[in-house]
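Colleague: Before I use this model, could you take me through how its descriptive labels were reached?

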Amino acid sequence: IQKTESKLYMSYITVAFVALLIGGLMGLLQVFVRSGRFTLPFGIDYYQVLTVHGVILGLVLTTYFIIGFHFSLMGKTVGISTKQRKLAWLAFWIMVIGTVLTATAILLGQASVLYTFYAPLQAHPAFYIGLAMVIIGSWIAGFVNWRQLYVWKKAHPREKSPLLAFMVTINTLLWFIATLGVAAAVLIQFIPWSLGYAETINVLVSRTLFWYFGHPLVYFWLLPAYMAWYAIIPKIIGGKLFSDSLARMSFVLFLFFSIPVGFHHQLTEPGIDPTWKFIQVALTFMVVIPSLMTAFSMFATFEITGRRKGFKGLFGWFKHLPWKDVRFLAPFIGMLAFIPGGAGGIINASHQMNAVVHNTIWVTGHFHLTVATTVMLTFFGISYWLIPHLRGRTLTPKLNRLGIIQAIIWTVGMTIMSGAMHIEGLLGAPRRSSYSEYGGGEQVSEWIGYQLAQAIGGTILFIGIILMVYIFIKLTFFAPKGDEEFPIAEEEPDAEQTPAFFENWKLWIGITVALILFAYTIPFVDIIQNSPPGSVPFDWPIGR
Ligand code: HAS
């Protein structure tokens, strides 16, 4: 790989690891505060820490790592030109300036609005302007990816696009369509309101636009992990991709169904017609299908590879998996975590059960299993080969062993922390609150033990973060020079040929837009009509 390319990809990935360290430290402070044994020094506000944690891990780490990974995949499969590389740098610097603006507003205590930042909480304009810049930068990066594929297709007429390039294109499309919602909220609602040009803000519209973006956001995080599961893991275990068409179909289904489902985050909210909540819940159950297809495909890959290696019996094939290879083990634990993580999601999406868990710390437990375990462990698994590959170094057996220890520490810490969050949530404990005895209620006394458990789990996780950052530094600067493989799997030879209609982007975008218009138009008009300016709580004047 050329130095100019690797420098670009590594810049994105490095920001992600810096974010991991800062965001992880904030997480540690939070579990300490909630244990009731620790107060924040220098009058630092709990919500300021919580905002740093959510923004830097949920928005900064993920976006930078994903864009760096996307570029690496595109560079490898379809190539990148000098002009495209320059634009990718422009995207990077716009994102960095935006991130610094947003971070400054939060660190000065002017933007303790949490990572969901919806009204009536108000931040300094710099917070929103910075976010808008991050989005604009990410769009430029996405345009570059599309251009990369376009140029490749022109040079390879009638060939199907490489699977990983196809997947990156779907994920950037998903991101682009989803971020239109949050960009609209930021530009039309938040910036004028925070600058004082608009006296009021429509709270329900801001929340609806946020969740129009917020749910596909979680699939924007998940799909790069799926890229690795489908196309990289089979190669690492010495097997082949089960089916190219199935993989493409599951990504197309994510594009269709991940956006028109935002209401499942707003099930308890007044002002949205229950019929439309029902429709979006039904669509939510559709978005479960591509994950089930993925689970099926992974099992198929594991079993076929094991049997081919001669392992017999119902589960004998399981033994062949390379348990001592961290490039496999870390993502595999991620897959396992997604079984309870996904089941929790189905519980959340079921309207009646949502009433039990909504706004409790169960939800925090859910997303620490999904994004902080499934996705993060897969990202770590990717880093073990991608970083040495980009840096012209190798993953030594010693670093591999450290990686395995890291994955085990993460698993133990997360099992304790997320498990305690799930149970405490079912006992009614709210999320997003610092330590409180709530006037000494009887039920509250049941919670504290779980909060102590979370502090223990969170501390173990923080040790895992320190170890991961150490491994990152080793892989980047000190590992021995060499040639680390970029593992991309081939398809099973007897798989059916991928149909040409997968390249019909107009069709996929058309269906996606139609589904969004169907799921959002009527309820959105309804929301705007029924919350005229001045009505509370939907239209909230400043300072109230
Ligand atoms: Fe979620 C809240 C519903 C998936 C992240 N979710 C959140 C929030 C975040 C988040 C961050 O309907 C909090 C937002 C906030 O701050 O308020 N979620 C779902 C559903 C799914 C789901 C239906 N969530 C995710 C993923 C996330 C994520 C993925 C991040 C990456 N979620 C909700 C709902 C809420 C919510 C409600 C709102 C709650 C409320 O009231 O506030 C589905 O996509 C899940 C489908 C997945 C499966 C699992 C398939 C299993 C696989 C593993 C295969 C394993 C193998 C290994 C092969 C059905 C693919 C096997 C080996 C063996 C040995 C067994």
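Colleague: How many nonpolar, polar and charged residues does the shell around the ligand have?

Modeller: This is a predicted model, in which local features need pLDDT of at least 70 and side-chain atom pairs count only at pLDDT 80 or more, while totals for chains, interfaces and linings use all residues. Residues are numbered from 1 along each chain as its sequence is written. The shell has 19 nonpolar and 13 polar residues and no charged ones, where Ala, Val, Leu, Ile, Met, Phe, Trp, Tyr, Cys and Pro count as nonpolar, Asp, Glu, Lys and Arg as charged, and the others, Gly among them, as polar.

Colleague: What makes a residue one of the 32 that surround the ligand?

Modeller: Its C-beta atom, placed from the backbone, must lie within 6 Å of the ligand; the closest are G342, G345, N348, A349 and F367.

Colleague: Why are α1 and α2 called roughly antiparallel?

Modeller: The axes of α1 (residues 3-34) and α2 (residues 46-77) cross at roughly 155 degrees and come within 7 Å; angles over 145 degrees count as roughly antiparallel, so the label applies to this pair. By class, their contact has 24 nonpolar, seven polar and one charged residues.

Colleague: Where does pLDDT stay under 50?

Modeller: That happens over residues 533-544, on a confidence scale that runs from 0 to 100 for each residue, although the protein chain averages 93 and 97% of the residues score at least 70. Where pLDDT is low, the predicted coordinates should not be read in detail. For the complex, the predictor gives an ipTM of 0.96 and a pTM of 0.95.

Note on methods
pLDDT = per-residue confidence, 0-100. Contact = placed C-beta atoms within 7 Å. Axes fitted to C-alpha atoms, helices over the stretch in contact; angles between N-to-C directions. Helix = DSSP H or I, 4+ residues; strand = E, 2+ residues; numbered from the N terminus. Parallel < 35°, antiparallel > 145°, perpendicular 65-115°, else oblique.
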